[in-house]
Protein chains: 2
Amino acid sequence: MNPMPKPPTMKDVAAAAGVALKTVSRHVNGATNIDPALASRIATAITELGYRHNLAAASIRPGRSAKVIGLVISDLANPYWSVLARSVERTLSENGYLLMTVSSEEDADRHRLLVDRLIAQRVDGLIVSPPRRDTTGWAADAAPLLPVVAIDRPLAPLLPSPTDAHPAAAPTPTPPAAEASAPLLTSPGADADAPHPTQPGAAADAPLVDTILADNAGGAEAATRELLRHGARRILFLGDSLELYTMRERNAGFRRALGLDPASDDDRASVATAHTAAEAAEVVTALLGTGRIDAVFAANNRASTGAVDAFTRAGTRLPLIGFDDFEAATLVRPGISVVAQDVAQMGETAAHAVLARLAGETPPPTTTTLRTRLVLRGSELP
Amino acid sequence: MNPMPKPPTMKDVAAAAGVALKTVSRHVNGATNIDPALASRIATAITELGYRHNLAAASIRPGRSAKVIGLVISDLANPYWSVLARSVERTLSENGYLLMTVSSEEDADRHRLLVDRLIAQRVDGLIVSPPRRDTTGWAADAAPLLPVVAIDRPLAPLLPSPTDAHPAAAPTPTPPAAEASAPLLTSPGADADAPHPTQPGAAADAPLVDTILADNAGGAEAATRELLRHGARRILFLGDSLELYTMRERNAGFRRALGLDPASDDDRASVATAHTAAEAAEVVTALLGTGRIDAVFAANNRASTGAVDAFTRAGTRLPLIGFDDFEAATLVRPGISVVAQDVAQMGETAAHAVLARLAGETPPPTTTTLRTRLVLRGSELP
DNA sequence: GCCCCGTGAGACAACGTTGTCTAGCCGGTC
DNA sequence: GACCGGCTAGACAACGTTGTCTCACGGGGC
């Protein structure tokens with residue numbers, strides 16, 4: 001009747017079975033060297049009392065862990081993140097781990113709070129999508145304590161000292177431009193001959209933590225080239241704020257395809273920012289018919305959706321390719337062509353990276369760049 | 001250099017600050033009655049050593065908890081569940097709780113395993129979507145231990161004894177049929193005058209745990225009536241397996257609108273089962289042009305998507321209403337009309353239900369039925 | 001000057017579990 | 001018949017933290 005009496009402990013089970021506490025512990029932990037008679041007495045006592053093993057208590061012993069991983073993303077309701085979370089969960093689950101998922105909403109302070117909370121909870125590892133405007137130094141604090149993996153975006157370089165305001169676009173001309181389809185695995189320093197990976201002055205590009213990225217620039221470049229190939233000349237880059245790493249990369253790939261200096265403000269590239277599908281639709285609606293654009297590269301899902309919505313409402317359309325695949329892409333005619341990321345593989349790779357570190361592997365942190373795939377469905381045509 | 005030396009404890013902090021361990025504990029827990037001099041020495045020691053409070057260890061004291069809730073759903077990658085999970089997470093987060101989310105994949109055994117694991121982890125409460133073919137009795141085991149809330153579906157009645165194979169369609173004629181638009185809150189027994197809610201022999205419909213449902217039957221009935229209003233006479237019910245509670249309810253509402261005996265096999269109601277959008281598209285494609293159907297009620301997202309896909313490919317269409325809103329519904333012309341559930345509110349309600357129990361409230365378990373909304377966008381028209 | 005009381009700090013045990021170590025038992029061997 | 005080795009069971013301490021209790025100190029009242 002009493003709603004929730006305090007749950008029985010091993011001690012209670014031991015008393016009921018008439019054995020020592022430690023013997024119950026052995027039984028619960030699956031030790032084989034137990035007298036069958038005692039084992040069955042213990043089993044009976046456990047079911048009769050309704051005993052439940054307390055993993056939380058067990059996990060405070062050093063060397064034992066709760067087998068829980070933390071995942072910090074920006075919004076679980078966004079299909080991109082939820083598919084990623086599902087993939088992480090599946091891989092971890094197969095390895096006996098549970099997942100705690102939290103949403104940072106791109107807020108650096110909230111992000112910091114959540115990371116601290118997860119660490120206090122003593123998760124075994126963290127998979128994190130670093131927030132934009134990330135100034136809290138959470139990674140430097142967390143990485144020495146437990147395995148940390150950055151996903152979707154790299155960590156912001158720590159303390160971009162205010163002196164090097166514009167490190168000059170010319171000196172580092174155009175990065176060697178990863179092949180259109182990047183290799184599955186890129187090693188850390190890339191320059192294999194550098195003997196000491198950490199270079200004091202220069203911002204060494206060896207990552208602080210394992211990092212899993214998509215080939216944003218390469219995908220965007222391929223999409224843009226495809227639009228160009230079909231005769232587009234004034235392509236609109238429609239995306240979210242360039243504060244987001246993925247947007248900067250996709251924009252860079254876009255400009256590279258156009259043959260523009262990555263840092264210049266050449267007006268051949270028109271760029272529009274929209275945070276929601278509605279905003280994106282507004283932008284496109286305003287430009288349709290003005291002749292100022294003749295194709296659209298939608299740099300994320302919401303931009304794609306907004307553009308299609310604008311097209312549908314206007315009863316006309318322009319060539320379009322979007323970044324990230326989405327369910328509705330096949331429902332309209334022509335089908336929406338997209339740069340598809342393998343989100344599931346990203347999650348799986350991230351989970352494996354954490355698991356490897358937990359298994360004791362300690363190679364220097366690696367950045368993995370996952371290939372993207374250009375899926376053509378017709379919307380790229382004039 | 002050493003990758004991960006064992007993290008400092010309160011004892012280390014106390015030693016470094018030259019105070020007693022308990023004083024550090026007081027400081028960490030925000031006690032006010034601490035000598036400012038000692039407090040600052042402790043604060044310094046904490047930052048210097050990089051001490052982190054260990055909530056896992058703290059939570060083994062009786063009366064203290066880790067503030068974690070478990071959520072068991074069928075698939076986090078499904079937008080329906082991810083939006084629900086997000087809503088639960090948001091509400092819990094506002095109340096200082098973290099969320100552990102796991103996917104059961106509708107497998108009863110896996111579901112049982114996950115629930116047991118979460119209980120072993122000593123979560124404070126559980127929000128669970130019961131799996132289909134639920135025979136493991138997990139709820140009866142879990143409910144006495146911690147607050148449990150069922151979401152999206154009620155618990156299966158325990159042990160449907162094999163004797164009452166077909167409890168006869170006639171004896172229980174047509175259930176009083178909840179009003180077309182259910183009230184926001186339905187109390188447990190419904191029959192307010194029953195003094196003793198538990199009735200030995202009969203399966204009392206007082207729920208075992210708090211339950212949050214959508215008005216599946218009502219929504220489906222409204223949608224079907226709308227199709228009928230526009231002249232449809234041979235409507236296809238296109239949904240997933242009727243093993244799923246939600247499907248049974250939606251089918252019941254569908255039949256009610258058609259004026260069919262809920263248990264009869266009247267062939268005026270054509271029913272097709274499809275697990276994926278592709279299967280749904282196949283079914284619709286096969287029926288299009290045969291004249292055997294003149295409208296479609298798609299009982300879930302995937303069915304809607306599949307039907308639209310079939311229409312688009314065939315270059316024709318039939319009147320269509322779907323259950324559950326989805327992003328693509330507004331992208332095609334005509335827009336897809338749907339029965340929309342307020343998924344976010346469902347998550348919030350479930351979270352509040354757990355929080356209320358954790359706050360010590362112990363009213364008898366309640367079933368809450370959330371209203372659905374018929375959103376007409378044009379696809380219902382001939 | 002003495003006592004009482006309020007305040008803040010520390011000693012100790014406890015939470016539920018597991019690692020280590022010792023004691024005991026049994027069978028086999030010389 | 002004595003000894004040894006292999007095996008299981010139990011006593012004990014420890015994990016990192018917090019609740020309880022006690023103690024020391026200092027100030028104020030008589």
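Me: Which residue in strand 5 of chain A does Ala150(A) stand opposite?
Reply: Happy to look at this predicted model with you. Strand 4 (residues 148–151) and strand 5 of chain A run parallel, joined by three bridges. Across from Ala150(A) in strand 5 stands Thr211(A).

Me: And what is the bridge partner of Ala214(A) in strand 11 of chain A?
Reply: Strand 5 also pairs with strand 11 (residues 367–370) of chain A, in parallel and through four bridges. In strand 11, the partner of Ala214(A) is Leu370(A).

Me: Which residues of strand 5 of chain A point the other way from Asp210(A), Ile212(A) and Ala214(A)?
Reply: In a regular strand, side chains alternate between the two faces of the sheet. Strand 5 (residues 210–214) of chain A is mostly covered, with five of its five residues buried. Opposite in direction to Asp210(A), Ile212(A) and Ala214(A) are Thr211(A) and Leu213(A).

Me: Is Asp152(B) buried or exposed?
Reply: Asp152(B) sits in the loop between strand 4 (148–151) and strand 5 (210–214) of chain B. Its phi is positive, about 75 degrees, although it is not a glycine. The relative accessibility of Asp152(B) is 4%, and the cut-off for buried is under 20%, so Asp152(B) counts as buried.

Me: What is the omega of the peptide bond from Arg333(A) to Pro334(A)?
Reply: Most peptide bonds are trans. Pro334(A) is found in the loop between strand 9 (320–323) and strand 10 (337–341) of chain A. The bond from Arg333(A) to Pro334(A) is cis, with omega near -5 degrees.

Key
Residues are numbered from 1 along each chain as its sequence is written. Chains are lettered from A and ligands numbered from 1 in the order in which they are written. This is a predicted model: local features need pLDDT of at least 70, side-chain atom pairs count only at pLDDT 80 or more; totals for chains, interfaces and linings use all residues. Side-chain values use heavy atoms; hydrogens and water are left out. Buried means under 20% relative accessible area, exposed over 50%, partly exposed in between (1.4 Å probe, protein chains only). Helices (H or I, at least four residues) and strands (E, at least two) are DSSP runs, numbered from the N terminus. Two strands pair if DSSP finds at least two bridges between them.
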